[in-house]
Amino acid sequence: MITFLVFLPFLLGFVVVGVYGERKIAGFVQNRLGPMEVGPKGIVQTVADLLKMLQKEDLRPKAVDQLLFLAAPIIVFGAIFTGYAVLPLTEGVSGSVIDAGLFFLLSVVSLDVLGILLAGWGSNNKYALFGAMRSVAQIVSYEIPLGLSVLCVVMVAQTLDLQEMVTQQGIYATEESFLFGIKGLKINATGGFLSWNIFSMPLLIIAFIIFFISGLAESNRVPFDLPESESELIGGYHTEYSGFRWGLFMLSEYGMMLLVSFLAAILFFGGWYSPFPNIGSFELAEMTNGPVWGVIWLFGKATFFIFLQIMARWTYPRLRVDQLMSLSWKYLTPVAILLLFLIGIWKIWVIS
Amino acid sequence: MTLNILFFAFAAMIVVPLIYLLITKNIIRAAFAFAISLLGMAAIYVLLNAEFMAVVQILIYAGGIVVLLIFGVMLTKRSGDEGVFTAHHQVIPGVLVSLAFFVLLTQSIFDVNLAWGEEVTSTDQVKQIGVLYLTDHLIAFELIAFLLLMALVGAAFLAKKSDQ
Amino acid sequence: MSKYFQNIIDSFKSISGGMKLTFGYLLDATKSRKPIGIKEEDYFELDRGIVTLQYPKESLPVPDNGRYRLHNEIDDCIVCDKCAKVCPVDCIEIEPIKATETIGYTSDGTAKRIHAAKFDIDMGKCCFCGLCTTVCPTECLTMTKVYDFSEFDVRDHKYSFAEMSLVEIAQKRQEAEEADKKKAEAKAKPVAPTSESASSSTEQSAVKPKPAFRPKPMVSKPKTESSESTSEEKPKPKFRPKPMIKKKEGEESKEAKTESTEEAKAKPRPVFKPKPMVKKKSEESAETEEKKESKPKPVFKPRPVVKKKDEGYKGEEDKTQSGAEEKKEPSAEKPKFRPRPVIKRKPKDDGDDS
């Protein structure tokens, strides 16, 4: 229920704001202004675009495989939105409590590959098919470094439940946590950003970089947007889609971005914990933590990572296919495996 | 009660796509139907409180094997339009063999005497499974790892450019 | 293997370099370019920050000498038709009506003798070459700094500058026709147009010689007037009727001295229209005389034609500039063959431009 009541409206609202923010940031980075005309500073531009998009004719080319063509966007969005089910919202509140939450999230999200394949195949279009094949190859490849980097966190946290994982990263933790993974520095009482995973286990910084890159690839974002590269494939697997069905693809792309950002915040940056530590008797962490604060912190952190993704989009050029594959298989995967090994050693001999 | 309704709903979710799979001549649609029935199985695992199994089911079958299947079809021949035609050879032996297999399966299913056992209460399935893997089933675990490693090496060898 | 790690290091460097760059631009986005004209000192120093100007709301100031939409100050226009003739795309349409007498004076004192029933400029056709403004003798046709005059209907691009009402036009036409009739009657009578020409001759005398050189037939006459001694070839007395023609030209465009080709072509037309009946008679007589004159010179004529073409375009552009030079040239070059001076002028004109 929480997923539908909180995350769905938030996702929809986020897409509206996110597209606006993306265009604005693109404008600023390129010395332009971005949308300015609709509403003050163009703030309702996306709403106008959305209304226009919803009114568009729902084109169904005659040669498509109707069933697959119509089912594909629903599968893609459904798969990604199911991933939100296990996200913790704030202290003690989360959608579905299953002890294999993180695992579930990753596996369900990988189902969108199926939808993309169907979209590409069902469109009966060479560009769509190429886009789908590229997309699937890319997502399947990048799932490995993504999974390995997540596994690093799992080894540190000793759990697959996201709620539990967040709880360990702050002042409410039941287990002991140490600054920089050094046993002498116990920081349970201090909390704040110092007890986030990324600070209590410094190796996770590398894991976070791998996770972030793979997350970009998973959500088909620039610089990993080969599946939909407009200049080569005319939009890739959603070439033949229009109107609301195309909107669903866009929604799931942004949904994936947001999901990856939430995951990054939860796994590495303390989830709904406030970044402010207790300083001596001045208990800043106690004051800035709580159910309401938690929502703010979590969404704030996610928004920051979204911002990073958008900046990456307007900074880097698209990768070539062979570069894409060699990045995944020759660099990210070996490094992630090595990291897994190192963190295991650290966990066994240094901390406990 | 709701559990029963859900169970039959998910059972239908398994069986109906499989029937469609047998009837249809469109390979891609067949693969799609297969994926749906696999998801139904995962749902039944969840009903049985075997969440880890459900997740593995989704990850490996729906996310992995079906995609591999579809990829295989796409990379070989596009036969979506004309459908698949297979000649019927040796109909009688085939029917006999499948009937025998069906009888064997039903027999063994009834022999096992399936029943609702104890509710799985442990919420720490992952840990239990992990521990079991590295204690009781260590040999199987190692064999699987070895097999996978061989598959990886073989794939790398096949993908390697031949110098000629 | 070392290449492997080098790749990692390189990619980290380039990734962080790229991020630095875009973040720099993002931070610069707080600054925004102001609508500052090119004349401001720091115009070229605004190289950071947002460059977009939201055009209809803010725009760069245009220098006062911007050359965009044409404007005709009809009160100063003598309807000489030069602009319409020089226009390479024929975007100016003029319908002149001869007045029976001088209808007024422009702000620089030129007499106006033609009504403009129609003075339309189709800005949709205009190629903004500016030839019409340089050719304009009274400088009433100018390019303004208004550059945003897009319209919803292409017909709105036609700007009418004539101020006459239909009634007035009809009336003036009638008067002109009547005057024509009178002229026809008076044709037989000897004309004494020199009086009119004399008034303008003082100003124009210097100018006249120049046009005269280019079109040999007609040019030769003016030379005789301004510097009679120079022209060896032509006997001055013969040409007397011609001066009137020249005068007309002078009236129309004091500055447009060098436009030999146009003048040569155009001369017949303007001459007829503006001149009072009396003048026409004289012109006609002059024309007949010219023809006679031209006959003896046939050898020379072909050359001038060629020259005219070349000169025409360049000369028109720099009429005002070349004026001073032209004056000098005629005196020195006149003794020689006419074609040569023309050629010389071209390079000089070009030099002036540059």
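Two residues are taken to be in contact if their C-beta atoms, placed from the backbone, lie within 7 Å. With that in mind, a good place to enter this predicted model is Glu51(B), a residue of helix H3 of chain B. Leaving out residues up to four places away in sequence, Glu51(B) touches Val46(B) and Gln125(B) in chain B, and Ile98(A), Asp99(A) and Ala100(A) in chain A. Glu51(B) counts as buried because 23 C-beta neighbours lie inside 10 Å. Along the chain, Glu51(B) and Val126(B) are 75 residues apart, yet their C-alpha atoms are separated by 9.3 Å.

The view can now widen to the whole of chain B. This chain holds 6 helices and 0 strands, in the sequence pattern α-α-α-α-α-α. Of its 164 residues, 18% are buried. Among the contacts in chain B with a separation of 6 or more, 58% involve residues 24 or more positions apart.

Chain B also meets chain A, with 21 residues of chain B in contact with 21 residues of chain A. On the chain B side, helix H2 (27-47), helix H3 (51-76) and helix H5 (125-134) each supply at least two residues. The most comes from H3(B), which gives 12 residues to the side of chain B that touches chain A. Sorted by class, that side of chain B has 14 nonpolar, 4 polar and 3 charged residues.

Chain A comes next, with 14 helices and 2 strands. Buried residues account for 53% of its 352 residues. Of the contacts in chain A between residues at least 6 apart in sequence, 74% join residues at least 24 apart. The average pLDDT of chain A is 82, and 91% of the residues score at least 70. Within chain A, confidence is highest in helix H9 (residues 204-218), at a mean of 88, and lowest in helix H12 (residues 284-287), at 68. Where pLDDT is low, the predicted coordinates should not be read in detail.

One helix of chain A deserves a closer look. In helix H4 (residues 101-109) of chain A, 9 of the 9 residues are buried, so this helix is largely enclosed by the rest of the structure. The buried residues of H4(A) include Gly101(A), Leu102(A), Phe103(A), Phe104(A) and Ser107(A). What do the buried residues of H4(A) pack against? Their partners in chain A are helix H3 (66-82), helix H5 (112-122), helix H6 (126-157), helix H7 (162-167) and helix H11 (243-268), and H3 of chain B joins them.

A different setting is found at Ile337(A), in helix H14 (residues 321-351) of chain A. Ile337(A) is partly exposed, because 14 other C-beta atoms lie within 10 Å. From C-alpha to C-alpha, Ile337(A) and Ser149(A) are 8.3 Å apart in space, although 188 residues apart in sequence.

Nonpolar packing links chains A and B as well. The largest nonpolar core has 129 residues, of which Leu114(A), Leu117(A), Ala132(A), Ala264(A) and Ala35(B) touch the most other members. Apart from its neighbours within four places in sequence, Ala264(A) is in contact with Phe208(A), Phe211(A), Phe212(A), Gly215(A), Phe269(A) and Phe305(A). A second, separate core has 25 residues, among them Val86(C), Cys87(C), Ile92(C) and Ile114(C).

That second core leads on to chain C. Here an open sheet of 3 strands is arranged in the order E2-E5-E7, with antiparallel pairing. Strand E2 (92-98) and strand E7 (158-160) of chain C stand at the edges with a single partner strand each, so one side of each has no neighbour in the sheet. From one strand to the next, the twist averages 15°. E2(C) pairs with strand E5 (residues 114-122) of chain C in the antiparallel sense over 7 bridges. Within this pairing, Lys118(C) in E5(C) is the bridge partner of Glu95(C). Helix H4 (residues 166-186) of chain C lies across E2 and E5 of chain C, and runs at about 55° to E2(C).

Chain C, too, touches chain A, through a contact that takes 12 residues from each of the two chains. On the chain C side, these residues divide into 7 nonpolar, 5 polar and no charged.

Terms used:
Residues numbered from 1 in each chain as written. Chains lettered and ligands numbered in written order. Predicted model: local features only at pLDDT ≥ 70, side-chain atom pairs only at ≥ 80, totals over all residues. Nonpolar A, V, L, I, M, F, W, Y, C, P; charged D, E, K, R; others polar. Helix = DSSP H or I, 4+ residues; strand = E, 2+ residues; numbered from the N terminus. Buried ≥ 20, exposed ≤ 12 C-beta atoms within 10 Å, placed from the backbone. Core = buried A, V, L, I, M, F, W, Y, C linked by C-beta atoms within 7 Å. pLDDT = per-residue confidence, 0-100. Pairing = 2+ DSSP bridges. Axes fitted to C-alpha atoms, helices over the stretch in contact; angles between N-to-C directions.
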